Amino acid sequence: MNDATTGSVIVLRGRCVVGGTAEGEALVTTQAISGWGGIDSRTGTIVETRHELRGVSFAGKVLVFPGAKGSSGWSNAFHLTRSMGVAPAAMLFNDMSAKIALGAVATRAPAVTDFDQNPLAVIVTGDWVRVDADQGIVEVHKKSVAGVARQPAPVAPQETP
């Protein structure tokens, strides 16, 4: 394995919210996600009008995002994605709240927070991510374009819900 800060593999360490292991392609957003009314629970697609990922499905992806916004319906909306078979493979987020914790538990997807590095500054959409939530370890296998590692987009300031 490469050094934690150089090479094609980056290792993040965080705190387990929901245990388990998963891996998949990363889907990254710098915007918080609204569950109730912000996602289509039948398809796992973000439908929030002004969201940067509007029209994109997180089904089977490792969803990397700052946190949840909106009502307590967040957990129900994400629970329905699990019921419909379109839940994220895993969730990595920065801002822990009761609604996101309950949503992660209801989704049953491995989830990690409280990282030693900001995942929004390290992971980009398309990277391959392995999550061992039980150990709080996230391996980021950087996707490269024509042999050149892609750089993460700058992190935009977060709005207060």
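This is a guided tour of a predicted model, strand by strand through the sheet and then on to a pair of helices.

**The whole sheet**

Start with a cartoon view and colour the strands. Eight strands, in the order β1-β12-β11-β3-β7-β9-β10-β2, make an open sheet with mixed pairing. At the edges stand β1 and β2 (15–18), and each has a single partner strand, so one side of each is left without a neighbour in the sheet. From one strand to the next the twist averages 25°. Strands of a sheet pair through backbone hydrogen bonds, either parallel or antiparallel.

**From the β1 edge inwards**

Select residues 9–13, which are strand β1, together with residues 137–141, which are strand β12. The two pair in the antiparallel sense, with 5 bridges. To see the register, show Ile10, which has Val140 of β12 opposite.

Add residues 128–132, strand β11. This strand also pairs with β12 over 5 bridges in the antiparallel sense. Here Arg130 is the residue that stands opposite Glu139 in β12. Between the strands of the β11 and β12 hairpin there are 4 residues. Which residue of this hairpin takes a positive phi? Gly136 does, with a value near 70°.

Next, select residues 21–28 for strand β3. It runs antiparallel to β11, and 5 bridges join the two. Ala22 has Val131 as its bridge partner in β11. With β7, β3 pairs in the parallel sense, over 3 bridges. Show Ala26 and, opposite in β7, Val62.

**The β2 edge**

Move to the other edge and select β2 along with residues 111–113, strand β10. These strands run antiparallel and are joined by 3 bridges. Cys16 has Val112 as its bridge partner in β10.

Stay in β2 and pick Val17. What does this residue touch, once its neighbours within four places in sequence are left aside? Its contacts are Phe93, Met96, Ala101, Ala104, Ala111, Val112 and Thr113. Now draw a distance from the C-alpha atom of Val17 to that of Gly136, the glycine of the hairpin. The separation is 8.9 Å, although the two residues are 119 apart along the chain.

**The two helices**

Select residues 74–83 for helix α1 and residues 98–107 for helix α2. Their axes come within 8 Å and cross at roughly 20°. That angle makes α1 roughly parallel to α2, since angles under 35 degrees count as such. The crossing is right-handed.

To see what fills the contact, show side chains on both helices. From α1, Trp74, Ser75, Phe78, His79, Thr81 and Arg82 take part. They meet Lys99, Ile100, Leu102, Gly103, Ala104, Ala106 and Thr107 in α2. Sorted by class, this contact has 6 nonpolar, 5 polar and 2 charged residues. Ala104 is also among the contacts of Val17.

**An aromatic pair on α1**

Keep Phe78 shown and add Phe58. The structure has 2 aromatic pairs. In the pair of Phe58 and Phe78, the ring centres are 5.4 Å apart and the planes lie at 15°, so the pair is stacked. Which parts of the chain does the pair link? Phe58 is in the loop between β6 (45–46) and β7 (62–65), while Phe78 is in helix α1, 20 residues apart. The tour ends here, at a residue that also belongs to the contact with α2.

Terms used
Residues are numbered from 1 along each chain as its sequence is written. This is a predicted model: local features need pLDDT of at least 70, side-chain atom pairs count only at pLDDT 80 or more; totals for chains, interfaces and linings use all residues. Side-chain values use heavy atoms; hydrogens and water are left out. Two strands pair if DSSP finds at least two bridges between them. Axes are lines fitted to C-alpha atoms, for helices over the stretch in contact, and angles run from 0 to 180 degrees between N-to-C directions. Angles under 35 degrees count as roughly parallel, over 145 as roughly antiparallel, 65 to 115 as roughly perpendicular and the rest as oblique. A crossing is left-handed if the near helix is turned anticlockwise from the far one by less than a right angle, and right-handed if clockwise. Contact means heavy atoms within 4.5 Å. Ala, Val, Leu, Ile, Met, Phe, Trp, Tyr, Cys and Pro count as nonpolar, Asp, Glu, Lys and Arg as charged, and the others, Gly among them, as polar. Rings of Phe, Tyr and Trp (its six-membered ring) pair if their centres lie within 6.5 Å; planes under 30 degrees apart count as stacked, over 60 as edge-to-face and the rest as tilted.
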